[in-house]
Amino acid sequence: MTQHFDLIVRGGTLYDGTGAAGRPADVGVIGDRIAAVGDLSGASADAVHDATGKAVAPGFIDVHTHDDRALLSNPDMAMKTSQGVTTVVVGNCGVSLSPLAIDRRPPPPLDLLGDQEWYRFPRMADYMAAVDAAPAAVNAACLVGHGTLRVGAMDDLMRPATEPEIAAMKERLAEGLEAGAIGMSTGLFYRPANAAPTEEVIALAELLQPAGALYATHMRDEGEGVMDSLHETFRIGREAGVRAIVSHHKVIGKPNFGRSEETLALIDRTQGEQDIGLDCYPYVAASTVLDSSRLERSSRVMVTWSTKHPEVSGRDLADIAAEWGISQIEAVDRLNPAGAIYFMMDEADVRRILSYPHTIVASDGLPHDSHPHPRLWGTFPRVLGHYARDVGLFPLEEAVRRMTSLPAERFRLSGRGRIAVGAHADITVFDPATVIDSATFEKPATPAEGIDCVFVNGTAVWADGASTGARPGRLLRRQELQRAS
Ligand code: ZN
Ligand code: CU
């Protein structure tokens with residue numbers, strides 16, 4: 001009897017996600033699972049995808065996103081599926097869309113996700129129910145943002161939280177974890193959280209340990225104080241007994257160029273004593289809300305959006321200020337609320353961090369900026385095509401591992417990140433010879449080249465250079481992930 005599958009991805013070179021070299025293998029899918037891997041030339045299928053000459057890999061996992069609202073407002077998620085991404089982790093940098101319901105404009109950086117109209121989920125369970133009711137093309141896992149908790153519990157963000165405020169935040173965090181969040185994030189750099197002492201974060205992070213949840217952080221300082229911030233992150237992880245993820249690891253500002261040698265050495269030493277992870281986006285420019293405190297450290301600043309002057313999106317702040325005949329700091333005041341791209345890293349640091357074996361590739365893309373940083377559409381193909389193939393930072397199988405099994409292990413996304421029998425059928429087929437990012441700082445919303453076909457839970461979401469319209473994505477809840485592992 002011939003074996004029959006719903007789908008066979010036939011004739012490709014398999015990069016299974018573990019870092020093993022590519023080998024010829026077909027992949028057979030039944031329902032939403034991978035049912036066979038190997039020579040399936042004798043098998044039949046309802047649908048066959050010809051992957052001759054292509055690479056077949058697990059769908060990429062973007063662990064650092066701000067896609068909380070995009071899952072609802074842009075459910076085809078083309079900016080991610082066009083890169084081969086099949087799972088996103090939302091709620092990073094202390095900013096999550098829930099649990100919070102407010103009737104005034106959220107303070108920056110919460111406004112990166114939208115205005116008050118979008119902050120309408122008083123409990124994480126409400127947000128998750130909304131995603132369940134209108135699924136997106138990709139899977140998603142949620143972090144609870146400490147900044148979001150603070151905005152919901154405190155009338156004044158410029159001071160440490162009081163005992164009753166910590167108790168209120170704990171209650172909301174506990175609800176989020178109960179609903180299925182996989183962890184908590186902080187953005188200690190940002191104003192809504194900067195006044196929080198380490199002890200406040202530890203008090204909250206203690207709830208994570210019994211849940212087996214993780215702690216991810218946009219650290220307090222990525223410049224002069226980067227070593228202190230790493231120590232703070234490790235202390236939080238140690239005292240709360242949780243694994244810690246250093247988000248978008250970088251060293252910013254010219255005086256700090258080269259210091260990734262120090263930071264990676266410290267991360268490496270600590271790795272032996274506690275569970276530390278890190279992610280990185282492959283660009284020398286950062287992007288977030290527009291803030292004059294970042295001007296001095298940046299060689300160039302581009303405006304990505306402005307509520308008062310939408311017409312200047314995509315232009316350099318220096319040119320805008322010159323045109324208006326005012327200083328850049330005055331221009332910032334006139335433009336805000338707004339967002340920006342800041343050129344503030346050194347290429348050698350970016351390459352050193354990307355090359356570090358524990359570094360996960362992740363985008364930090366900002367999907368609602370009118371002229372977004374190109375990382376939103378370009379991160380994964382840029383690492384595959386530019387940094388792995390053209391620059392030769394690491395072999396293709398290693399690039400794939402940093403986008404698949406490594407993030408799945410660190411974030412405990414069981415059943416994802418590998419091509420293996422029994423795994424969920426999240427599959428990306430791409431052309432290793434041509435894959436490359438096309439998004440640039442000038443034209444950021446441009447889909448990549450060379451991503452052939454992308455399947456989520458066995459259903460094609462990206463094919464022939466366009467979204468298929470299918471939305472097979474699922475919310476990945478912590479309890480289900482733990483049960484499956
Ligand atoms: Zn961040
Ligand atoms: Cu971020």
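How far apart are the copper ion (ligand 2) and the zinc ion (ligand 1), and which residue coordinates both? The two ions are 3.0 Å apart, and the residue that coordinates both is C93. The model is predicted, with local features requiring pLDDT of at least 70 and side-chain atom pairs counted only at pLDDT 80 or more, while totals for chains, interfaces and linings use all residues. Residues are numbered from 1 along each chain as its sequence is written, chains are lettered from A and ligands numbered from 1 in the order in which they are written, and side-chain values use heavy atoms, with hydrogens and water left out.

The zinc ion (ligand 1) has three protein donors, C93 (SG), H218 (ND1) and H248 (NE2), at 2.1 to 2.2 Å. Donors are N, O and S atoms within 2.8 Å of the metal (3.2 Å for Na, K and Ca); water is not among the atoms, so sites may look incomplete. Along the sequence, the spacing of the zinc donor residues is C-x124-H-x29-H. Distant parts of the chain are linked by the pair C93 and H248, which are 155 residues apart: C93 lies in the loop between β9 (85–90) and β10 (100–101), and H248 in the loop between β15 (244–246) and α10 (260–271). Helices (H or I, at least four residues) and strands (E, at least two) are DSSP runs, numbered from the N terminus. C93 and H248 are both buried, where buried means under 20% relative accessible area, exposed over 50%, and partly exposed in between (1.4 Å probe, protein chains only).

At the copper ion (ligand 2), the donors are H64 (NE2), H66 (NE2), C93 (SG) and D364 (OD), at 2.1 to 2.3 Å. The donor residues follow the sequence pattern H-x1-H-x26-C-x270-D. Angles among the four donor atoms run from 82 to 166°, and the site of the copper ion is irregular. Four donors count as tetrahedral if all angles lie between 85 and 135 degrees; four count as square planar and six as octahedral if opposite donors are over 155 degrees apart and all others between 65 and 115; anything else is irregular. H64 is buried with a relative accessible area of 0%, and H66 is buried with a value of 5%. The shared ligand C93 also has a relative accessible area of 5%. Its phi is near 60°, a positive value in a residue other than glycine.

K80 is located in helix α2 (residues 78–81). With a relative accessibility of 0%, K80 counts as buried. Apart from neighbours within four places in sequence, K80 is in contact (heavy atoms within 4.5 Å) with D62, T65, D67, V85, V88, S363 and L376.

The largest nonpolar core comprises 125 residues, and those with the most contacts inside it are L71, Y127, Y215, L384 and F430. Helix α14 (residues 375–390) gives the most to this core, with seven residues. A nonpolar core is a set of buried Ala, Val, Leu, Ile, Met, Phe, Trp, Tyr and Cys residues joined through side-chain atoms within 4.5 Å. When residues up to four places away in sequence are not counted, L384 touches F60, R389, L396, A399, V400, M403, F430 and V435. A second, separate core has 17 residues, including V89, L143, L406 and L481.

Helix α5 (residues 163–179) contains 17 residues and reaches 24 Å from its first C-alpha to its last, close to the 24 Å expected at 1.5 Å a residue. The expected span is 1.5 Å times one less than the number of residues. Buried residues in α5 include E165, I166, M169 and L173. G180, which follows α5, has a positive phi near 130°.

An open sheet of seven strands shows mixed pairing in the order β3-β2-β7-β21-β22-β23-β24. The edge strands, β3 (23–24) and β24 (466–467), each pair on one side only. Two strands pair if DSSP finds at least two bridges between them. Strand β2 (residues 13–14) pairs with β3 in the antiparallel sense over two bridges, and the bridge partner of T13 in β3 is P24.

Cis peptide bonds join S98 to P99, with omega about 0°, and P108 to P109, with omega near 5°. P99 is placed in the loop between β9 and β10, and P109 in the loop between β10 and β11 (120–121). N457 is not a glycine but has a positive phi of about 50°. N457 occurs in the loop between β22 (451–456) and β23 (459–463), and counts as buried at 5% relative accessibility.
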